[in-house]
Amino acid sequence: MAEVVPEVNGSNAGDAGFVDITPKQDGGVLKKVLQEGCGEDHPAKGNKVFVHYVGTLESDGSKFDSSRDRDEQFSFNLGKQEVIKAWDIGMATMKKGEKCILKCRSDYAYGESGSPPKIPGGATLMFEVELFRWQGEDLTEGSDGGILRYNVTEGEGVASPNENAFVKVKIVGEYNGKVFDDRTVDFTLSEGCDIDIPEGIEKALQKFIKNETSKLELSPKYAFGKVGNDKFNIPPNASLQYTVTLLDFEKAKETWEMSQEEKIDQAKIHKAKGTEYFKAEKYKLAAKQYSRVTDLMSYDSGLSEEKKMENNALKLAGELNLAAVYLKLKDFVSAAKHATNALDQDPENVKALFRRGQALLELEEFEDAAVDFKECLSLDASNTAAKKSLALAQNKIKQHRAKERQIYGGMFEKFVKADAQKAVQARRAGVLKDGVGEWDDKSPDEAKGDLSDVKLISSDSQIKGDEFMKSS
């Protein structure tokens with residue numbers, strides 16, 4: 001069904017065919033369609049729209065700007081006040097492929113100050129605009145396009161859930177046009193994957209407002225990733241679509257709102273949750289909980305000595321547990337980092353030394369790994385795991401050195417033999433005397449063969465590659 005909009009009434013013949021599209025119906029933005037668009041969809045708030053436009057002054061028709069002259073489409077995020085108010089209103093009424101004229105009164109454009117030198121104060125502007133396409137609002141931190149939002153229903157208020165907020169949502173998930181998930185759920189943000197809520201939904205919900213409904217397009221990274229989801233028959237590396245409504249939420253208390261004692265109590269709760277997830281082999285969830293522990297325990301100012309000790313013990317446990325979790329996740333760089341954080345706090349912590357050694361071993365930093373395992377054994381001589389790991393590291397070091405000798409020894413052997421052969425040729429040609437690197441009085445033209453570029457390691461053709469290695 002076609003959209004019904006009121007036509008402008010009045011004596012101004014120049015406004016014939018225009019309709020008032022302002023929410024207040026005050027005549028501030030008038031629109032005339034020149035070319036109908038296709039479909040029934042319109043871009044929504046937050047969508048990135050791509051247009052061509054030509055802007056002129058109503059007063060004399062002079063052109064002040066044109067994307068067509070630059071042969072480059074103009075893009076902006078709708079409803080984010082990145083353009084004049086008239087454009088945010090006008091573009092939201094357009095369809096894909098539509099071309100129209102927008103007549104923009106000054107209070108919906110550049111006001112009484114204008115935009116000198118081309119646009120005087122109080123000017124009414126005329127824009128011929130063509131809408132080519134739009135895409136969802138990118139909700140990812142790095143703007144990688146992995147979470148795109150298309151607003152369906154505006155919410156209410158301005159507040160959004162924060163991390164660890166308790167939310168109630170309605171979700172409908174689709175893959176290849178078929179619904180695979182349709183439910184209303186309550187959960188804590190950051191723990192959604194425990195009930196098969198993709199990471200992309202959790203991230204997006206932190207940008208929703210209450211009673212908002214939006215469609216989300218999730219790339220595999222923000223959906224079920226490389227493993228897929230057997231419960232929903234989602235294969236690996238699948239892109240998904242969800243329609244999500246935020247029905248209600250209760251924000252989590254921010255760290256800065258808590259007293260130090262409250263932070264300690266919260267850290268204990270997160271540590272216990274992390275341990276439950278770790279035992280259940282839900283390592284990503286465990287990592288989130290242990291990270292929360294270390295964040296909460298970052299400072300100990302204003303605490304009694306007893307509470308400081310408790311604070312530091314929780315922080316140390318958080319770092320140690322993160323090192324263990326990341327070893328399980330095979331993220332060895334992060335494992336080494338958190339083990340090092342623990343050692344900064346407790347330099348003789350055997351668990352931290354061992355876990356960093358394990359990470360370094362996997363990263364093929366064998367010598368550094370061996371140092372950590374040796375330190376473990378100096379503190380705990382009966383540590384069987386450290387003994388085995390040290391033996392493994394030392395064996396890897398021997399293998400690595402043998403491989404280096406094989407690679408580089410063979411390479412220099414070839415260089416030496418090649419130089420020796422050139423030296424023999426040079427002597428036969430009469431270019432090189434018996435002394436090392438001494439050339440005779442013959443000019444290069446008189447020499448038999450041009451060997452003036454010969455470079456020698458030694459004139460002794462019997463030198464061996466391994467002897468050269470020993471001398472370095």
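Thirteen is the count of aromatic pairs in this structure, given as 13 in the table of contacts computed here. The model is a predicted one. Two of the pairs are set out below.

| Pair | Geometry | Centre to centre | Angle between planes |
|---|---|---|---|
| Y53 and F74 | edge-to-face | 5.8 Å | 80 degrees |
| F180 and F232 | tilted | 5.4 Å | 55 degrees |The pair of Y53 and F74 links strand β3 to strand β5, which covers residues 74–77, so parts that are 21 residues apart in sequence are tied together. Y53 is buried, at 6% relative accessible area. F74 has a relative accessibility of 28% and therefore counts as partly exposed, since buried means under 20%.

In the other pair, F180 belongs to strand β11 (residues 178–188), while F232 sits in the loop between β12 (213–218) and β13 (240–250); the pair therefore ties together parts that are 52 residues apart in sequence. F180 is buried at 17% relative accessibility, and F232 is buried with a relative accessible area of 11%.

Y53 and F74 also belong to one aromatic cluster, together with F64, F76, W87 and F127.

**Nonpolar cores**

Several aromatic residues recur in the largest nonpolar core, which has 31 residues; F76, W87, M91, L102, L125, F127 and V129 are the members that touch the most others. At least two residues of this core come from each of β3 (48–57), α2 (85–91), β6 (99–104), β7 (125–135) and β9 (147–153). The greatest contribution is that of β7, with five residues.

What does F127 touch, leaving aside its neighbours within four places in sequence? F127 is in contact with Y53, V54, G55, F64, I84, W87, C100, I101, L102 and C104. Another core, of 28 residues, lies apart from the largest one and includes I147, V169, L189 and F249.

**Charged side chains**

Two charged side chains are placed over aromatic rings. K85 lies over the face of Y108, with 5.0 Å to the ring centre. R133 has its charged end over the ring of F50, 3.7 Å from the centre of that ring.

R292 is found in helix α5, which spans residues 283–296. Which side chain of opposite charge is nearest to R292? That side chain is D295, 5.2 Å away, and R292 is buried without a salt bridge. Not counting residues up to four places away in sequence, R292 touches N164, K253, T255, M258 and H270.

**The chain as a whole**

The protein chain contains eleven helices and 13 strands. Of its 472 residues, 42% are buried. Taking contacts between residues at least 6 apart in sequence, 60% join residues at least 24 apart.

One of the helices is α10, residues 384–428, where A391 is found. A391 counts as partly exposed, with 45% relative accessibility. The C-alpha atoms of A391 and F373 are 9.3 Å apart in space, and these residues are 18 apart in sequence.

Definitions and conventions:
Residues are numbered from 1 along each chain as its sequence is written. This is a predicted model: local features need pLDDT of at least 70, side-chain atom pairs count only at pLDDT 80 or more; totals for chains, interfaces and linings use all residues. Side-chain values use heavy atoms; hydrogens and water are left out. A nonpolar core is a set of buried Ala, Val, Leu, Ile, Met, Phe, Trp, Tyr and Cys residues joined through side-chain atoms within 4.5 Å. Buried means under 20% relative accessible area, exposed over 50%, partly exposed in between (1.4 Å probe, protein chains only). Helices (H or I, at least four residues) and strands (E, at least two) are DSSP runs, numbered from the N terminus. Contact means heavy atoms within 4.5 Å. Rings of Phe, Tyr and Trp (its six-membered ring) pair if their centres lie within 6.5 Å; planes under 30 degrees apart count as stacked, over 60 as edge-to-face and the rest as tilted. A charge sits over a ring if NZ of Lys or CZ of Arg is within 6 Å of the ring centre and within 35 degrees of the ring normal. Lys and Arg count as positive and Asp and Glu as negative; His and the chain ends are not counted. A salt bridge is a side-chain nitrogen of Lys or Arg within 4 Å of a carboxyl oxygen of Asp or Glu.
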